[in-house]
Amino acid sequence: IDSISRMAADQAFINATEGKIKNLRHEDMDFVSRFAAFYWLGYMNYQPDLEHFINKAMADIRDNGSEEKIQKMESDFHKAMLLSLDIFGNRAFRKQTTREEKRKRINKAYFEVISSQLARLSTEKTNQLLSHKDLFVDNLLTAMRESKVYNDSFSDGTGSKIAVMCRFS
């Protein structure tokens, strides 16, 4: 799908991921497809397995996506990448439990949650989040540190319905 390629080439995506998501073997397309699936269909409609969910979303975008709706998705993705960089800096999409923790690799499950949810924010909610971004980050770190179930939903059995519902909650 052309929109997936365009989003994968978006400079905001490249900046937010520090160019760490390579297009070798289309890893960048995998990340963007995950975003698109959860953005397009919504996490509440998730049914395992993840590959089937992504394929269903891609088919729906291709068959039912108006140019306007696809452009909005691309625009919202761009906005989410800019917001991620603004909020998390060089730690965007990296699963951590403290600010001091050594930077880890970009986590696909964290990427799909953060990107798809930031993309859906209204202008008003975006402004509220930006004015409280340190509190937002601190709350995420606390949840990751204090809830084993939440933390595990980003690394163990990430494609299960329980893990998806837990991490999006």
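The largest pocket in this predicted model has a volume of about 260 Å³, and the second largest pocket has a volume of about 200 Å³. Beyond these two pockets, a search of the whole structure finds 14 aromatic pairs, and one aromatic cluster is formed by Phe13, Phe31, Phe35, Tyr39, Phe77, Phe93 and Phe111.

**The largest pocket**

- The largest pocket, with its volume of about 260 Å³, is lined by 14 residues, and those closest to its centre are Gln117, Leu118, Leu121, Leu129 and Phe136.
- Two or more residues of this lining come from each of the elements α6 (108–119), α7 (123–131), α8 (133–146) and α10 (161–168), and α6 gives the most, with four residues.
- Sorted by class, the lining of the largest pocket holds nine nonpolar, three polar and two charged residues.

**The second largest pocket**

- The lining of the second largest pocket is made up of Lys20, Ile21, Glu27, Phe31, Arg94, Arg103, Arg105, Ile106, Asn107 and Lys108.
- By class, that lining divides into six charged residues, three nonpolar and one polar.
- Phe31 belongs to this lining and is also a member of the aromatic cluster.

**Aromatic pairs around phenylalanine 111**

- Among the 14 aromatic pairs found in the whole structure, phenylalanine 13 and phenylalanine 111 form one that is edge-to-face, at 5.9 Å centre to centre and with 75 degrees between the planes.
- This pair links distant parts of the chain, since phenylalanine 13 lies in helix α2 (residues 11–16) and phenylalanine 111 in helix α6, 98 residues apart.
- Phenylalanine 31 also pairs with phenylalanine 111: the ring centres are 5.3 Å apart and the planes stand at 80 degrees, so this pair is edge-to-face, an angle over 60 degrees being what that term requires.
- Because phenylalanine 31 lies in helix α3 (residues 27–41) and phenylalanine 111 in helix α6, the pair ties together parts that are 80 residues apart in sequence.
- Phenylalanine 13 is buried; phenylalanine 31 has 1% relative accessibility and so counts as buried, and phenylalanine 111, at 0%, counts as buried too, the cut-off being under 20%.

**Charges over rings**

- The charged end of arginine 120 sits over the ring of tyrosine 39, at 5.1 Å from its centre, and Tyr39 is itself one of the residues of the aromatic cluster.
- Over the ring of tryptophan 40 sits the charged end of lysine 69, at 4.3 Å from the centre of that ring.

Key: Residues are numbered from 1 along each chain as its sequence is written. This is a predicted model: local features need pLDDT of at least 70, side-chain atom pairs count only at pLDDT 80 or more; totals for chains, interfaces and linings use all residues. Side-chain values use heavy atoms; hydrogens and water are left out. On a 1 Å grid over the protein atoms alone, a cavity is a set of points where a 1.4 Å probe fits but cannot get out, and a pocket is an open set with protein on both sides within 12 Å along at least five of seven lines; lining residues have an atom within 4 Å of a point. Grid points are joined across faces, edges and corners, and a volume is the space filled by probe spheres set on the points. Ala, Val, Leu, Ile, Met, Phe, Trp, Tyr, Cys and Pro count as nonpolar, Asp, Glu, Lys and Arg as charged, and the others, Gly among them, as polar. Rings of Phe, Tyr and Trp (its six-membered ring) pair if their centres lie within 6.5 Å; planes under 30 degrees apart count as stacked, over 60 as edge-to-face and the rest as tilted. Buried means under 20% relative accessible area, exposed over 50%, partly exposed in between (1.4 Å probe, protein chains only). A charge sits over a ring if NZ of Lys or CZ of Arg is within 6 Å of the ring centre and within 35 degrees of the ring normal.
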